Structure formats: structure tokens, C-alpha cells
Amino acid sequence: MALADDAVRPGADPARLRDVQDRALRTIIGRVAADHPFYRDLWAEHGVDPRAVRGVEDLPLLPLTTKSMFTAAPQRFRLQPDGSPERQLWDIAYTSGSTSAPAPIYQSAYDFHAILAAQVRMAEIRGMRGDDRIANLYPLTPQPHGAWTRANHAAAVLGATVVCGMSGVSPWFGVTRRLGEVAGLLVRTRPTVLWGVPSYVRRVVDEVARRGGTLPDVRMLALSGEATTAPMAAQLKDLLACVGAPDVVVSNSLGASELQYGLVECAPGAGFHNPVPELLHLDAVDDRGRPVPPGTPGAFTMTHLDRHGTVLVRYLLGDRVEVDHDPCPRCGRLGGRVVAHHGRAGGSLKIKGQLVDTTVLETTVATVSGVVDHRAVVRRSDPADPLSGDELVVQVALAPATERGVTEQVSAAVKLATRVTPMVEVTTLDALFPADERMKPRRFVDERQRQESPA
């Protein structure tokens with residue numbers, strides 16, 4: 001199926017897009033009812049007649065799918081191969097494993113071509129071009145992960161040049177590069193786009209500056225994998241200015257391995273656009289699984305509308321968001337946008353008797369002037385005694401020439417936001433997040449369960 005550009009372009013009739021989505025949903029529901037092991041059983045268990053689902057407004061008739069359901073048996077979420085070209089296996093990507101064990105996502109040949117089409121739309125929305133020179137700064141991971149591979153595929157379908165930093169972990173052949181090598185590669189190849197996880201992009205640019213190098217052609221940072229706060233974006237722009245790139249656009253995206261592409265901004269703060277609503281429907285739902293009104297936070301759900309490999313229907317991505325289906329006021333596009341992100345669902349836990357929202361904790365520390373990066377660790381004050389009290393330790397890396405008193409500011413800000421007084425430790429970026437540690441930096445670590453586990 002070709003993408004229906006006339007259904008999403010500025011000024012398009014929303015009824016046209018809804019008709020496209022409804023027809024796609026009816027087709028995939030029939031496909032799933034016939035050939036999807038997991039949903040055949042789930043819908044039978046719930047007494048669901050899939051023929052009653054005639055369009056996206058009928059999605060609440062179907063039960064929600066949790067991440068734990070998927071990761072427990074990911075092979076059962078793949079449409080059964082039937083010998084058709086559309087279902088031939090093209091590749092397998094794994095989830096990042098940040099909240100559970102990495103799980104495989106099967107891409108059929110049809111799905112892979114759809115991912116390429118989605119990358120074209122993403123580039124159009126965010127302003128990436130065929131004449132760009134893209135530096136892929138995602139790490140190489142032990143399992144195939146969408147971030148590293150899809151950045152290369154995006155360059156291929158755009159006709160852009162790409163150079164891979166190749167950081168990460170190679171446990172078998174040692175084909176990765178160290179931080180200094182990545183910095184030297186960028187200086188030599190003069191990229192126009194730096195694409196990666198913001199904390200690592202910052203480390204690379206900082207290393208370029210430390211070595212006296214320049215990156216004069218950089219015009220865009222394409223960031224995903226972790227939240228990019230306003231202070232972080234400002235720090236990145238200031239750092240790029242110091243290496244000869246004074247006019248850089250920070251283009252954020254919101255991604256998930258299950259999507260295999262990102263939701264992107266047309267302009268900073270305009271919301272994360274669904275680039276291919278013909279292939280994917282997004283919504284925010286309440287505790288009963290009903291869509292919430294615009295401006296109301298809800299659980300983030302996705303439904304594949306046109307796939308032949310791994311297929312997810314009413315899948316809970318694990319975030320709390322606000323979704324707006326009206327045309328974007330900046331670019332006029334249709335398709336749905338995530339206009340506010342309220343953190344991970346269930347992202348709160350007890351520390352010293354207080355219920356602490358880890359998203360609030362992270363944002364609080366990140367907004368303290370002079371803090372370049374940070375990590376919070378919760379542990380028992382006596383590791384040998386499971387009944388000893390909790391300790392909240394906030395480890396911070398500070399910008400050069402940071403004024404004294406920052407640690408006191410961090411402590412006061414965290415106490416005000418969480419009602420827990422932390423210990424604050426000053427450390428280095430390398431100590432916080434070793435360059436080859438993982439795809440996503442772990443900014444919150446709860447060591448209590450590990451301390452309490454039997455030897």
C-alpha cells in the first residue's frame with residue numbers, strides 16, 4: 001500500500017485520514033484474527049468478535065496489551081508466515097531492555113519497506129535533507145537495535161551521506177571505537193546532522209572541543225533515546241557554538257522499539273508527530289481503556305494498522321502522555337501528536353517513606369544550573385541489613401568553572417520536589433556513564449533489591 005500523502009498534508013480533510021485508517025484497521029484485524037497466535041487466544045478469552053471492529057472508534061472493544069504480555073512470548077506476536085513475499089522475514093530488531101529483557105520484533109519485507117517510507121516522512125517533518133551528511137552516533141549493541149540500524153536506513157532512503165561513530169559494545173571482534181576516535185572521525189568528515197542519544201552526543205561534542213577541533217557544518221541535532229530538557233538543549237547549542245556551529249536546530253523525537261521509527265517535531269515544542277498514521281494509530285486512554293479528551297493525560301497506546309511481522313494491537317507503551325489529533329498549529333499536518341509527556345507509567349517508588357516520582361526527580365536535578373549530567377541511586381545505608389534505612393545519592397557531573405554551591409542547590413531542589421534529602425556527590429561523566437555501557441544511560445538505579453537478594 002502506498003502512503004496516502006493527500007490524507008496527512010496541511011489542509012487535508014480529517015475525514016479522509018479517518019477513512020484511510022478505518023479501512024486499514026479492518027484489513028489488519030482480519031489478518032490478525034486468522035494468523036496471529038496471541039490475539040486469537042486473547043480475543044477468544046475475552047469473548048471479542050473482531051468483526052465488530054469497523055474503525056478506530058471501535059478499538060475500545062478490544063482488550064489492552066501490556067509490555068509484560070509481549071516480552072513473555074514475543075514469538076506469539078508474529079503473524080504466521082504463509083509463503084507470501086509480504087511475510088518473508090527481512091530482519092529482527094530487539095527492544096532496548098531498559099525495562100525488561102530484550103525482546104525480538106520481527107520485520108517482514110513489507111514492514112521494512114514501510115519503515116523506509118516512514119523515514120522519508122520523518123525527515124520531511126523535521127527538515128532533514130538528501131544533501132545532509134549524517135553522523136550516526138548511536139552505539140552498536142550486542143542485539144540488533146532499531147536506533148543504530150534505522151539511522152543508516154534513513155540515510156539510504158534519503159540519499160544522504162552517513163558515517164557511523166561505532167561506539168558501543170562488541171564482545172566478539174572489537175569493531176567499536178572509543179570516544180576520542182569518534183570525535184576525530186566527526187572532525188574529519190564534517191557532518192551536518194548529529195543523530196543519537198543526547199547525553200552521548202554531548203560527550204562527543206565536548207571531546208571535540210577538548211581536542212581543539214571544530215564542527216562548522218553541523219546544522220541539526222536529531223535526538224532520541226532519552227528526554228531532552230530545555231537546559232540540556234541549551235547546553236548542547238552552547239557547546240556546538242564553541243566548536244564553530246552557532247546556528248543549530250535541536251530536533252527531538254519520541255521513540256520506542258515497538259514502533260521502529262520515531263515521532264518527530266516539525267519545530268521545537270510543537271509536539272511529536274506520528275509520521276505515518278496510515279500505518280500506526282496512537283492514543284491516550286484511561287484506566288478502562290477509553291480514549292481521554294484532548295489535554296488530559298492518559299496511558300500511551302499504539303495499534304499497528306498495516307504490518308506482516310510482529311503486530312501489536314492496543315499496546316501500552318508504558319508512558320503517560322497527552323495526544324492531540326487536530327492539525328498541528330505549526331505545520332498543519334494530521335496524524336496525531338504527543339503534545340505532553342508525563343513520564344513512565346508506574347515511575348514512582350517509596351524512598352525514606354516518601355512516594356517519589358522518578359521523572360520529577362530527574363527533571364529537578366537537570367534544571368540546576370551547572371549540572372551537565374547526573375544519576376540518582378537508592379540503596380540501603382547498611383547493605384548487610386535489609387531493615388536499615390534508605391539513602392538517596394545524587395551523583396552529578398558539573399560544567400567547567402561551575403560556581404561553588406551547586407551541590408547545596410541540588411540538595412535543596414531535590415528536597416523541595418520530593419521531600420527526601422539526598423546526599424550529593426560530584427563525579428565525572430565517564431564515571432557516571434561509561435561510553436560503552438548501554439544504549440540508554442540509566443539515570444535512576446534502585447540497588448535495594450540487589451542488596452537484599454540472597455548470595
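Okay, so Arg-31 is buried, at a relative accessible area of 15%. Keep in mind that this is a predicted model. Who does Arg-31 pair with? Its salt-bridge partner is Asp-306, with 3.6 Å from N to O. And this pair ties together distant parts of the chain: Arg-31 sits in helix 1, while Asp-306 is in the loop between strand 11 (298-304) and strand 12 (315-324), 275 residues apart. Is Asp-306 buried or exposed? Buried as well, with a relative accessible area of 7%.

Let's stay with helix 1 for a moment. There's a salt bridge between Arg-23 and Asp-19, and the closest N and O atoms there are 3.1 Å apart. Why is the spacing in sequence interesting? Well, the two residues are 4 apart in helix 1 (residues 14-35), so about one helical turn separates Arg-23 from Asp-19. On accessibility, Arg-23 comes out as partly exposed, at 39%, and Asp-19 is partly exposed too, at 35%.

Next pair: Arg-211 and Glu-207. Their closest N and O atoms are 2.8 Å apart, and they form a salt bridge. Here the two ends get opposite labels. Arg-211 has 52% relative accessibility and counts as exposed, because the cut-off for that is over 50%. Glu-207 has 9%, so it counts as buried, the cut-off there being under 20%.

Then there's a group rather than a pair. Which residues are in it? Arg-202, Glu-226, Asp-373 and Arg-443, linked in a network of salt bridges. And if you want the total, how many salt bridges does the whole structure have? The search finds 28.

Last topic, cysteines. How many disulfides are there? The count is 0. If you've got the structure open, have a look at Cys-266. The closest cysteine sulfur to its own is in Cys-328, 3.8 Å away. That's too far for a bond, because a disulfide needs the two sulfurs within 2.5 Å. Cys-266 has 22% relative accessibility, so it counts as partly exposed. Compare that with Cys-164: at 18% relative accessibility, Cys-164 falls under the 20% cut-off and therefore counts as buried.

So, to go back over it: a buried Arg-31 meets a buried Asp-306 across 275 residues of chain, Arg-23 and Asp-19 pair up within helix 1, and the disulfide count is 0. Okay, questions?

Key: Residues are numbered from 1 along each chain as its sequence is written. This is a predicted model: local features need pLDDT of at least 70, side-chain atom pairs count only at pLDDT 80 or more; totals for chains, interfaces and linings use all residues. Side-chain values use heavy atoms; hydrogens and water are left out. Buried means under 20% relative accessible area, exposed over 50%, partly exposed in between (1.4 Å probe, protein chains only). A salt bridge is a side-chain nitrogen of Lys or Arg within 4 Å of a carboxyl oxygen of Asp or Glu.
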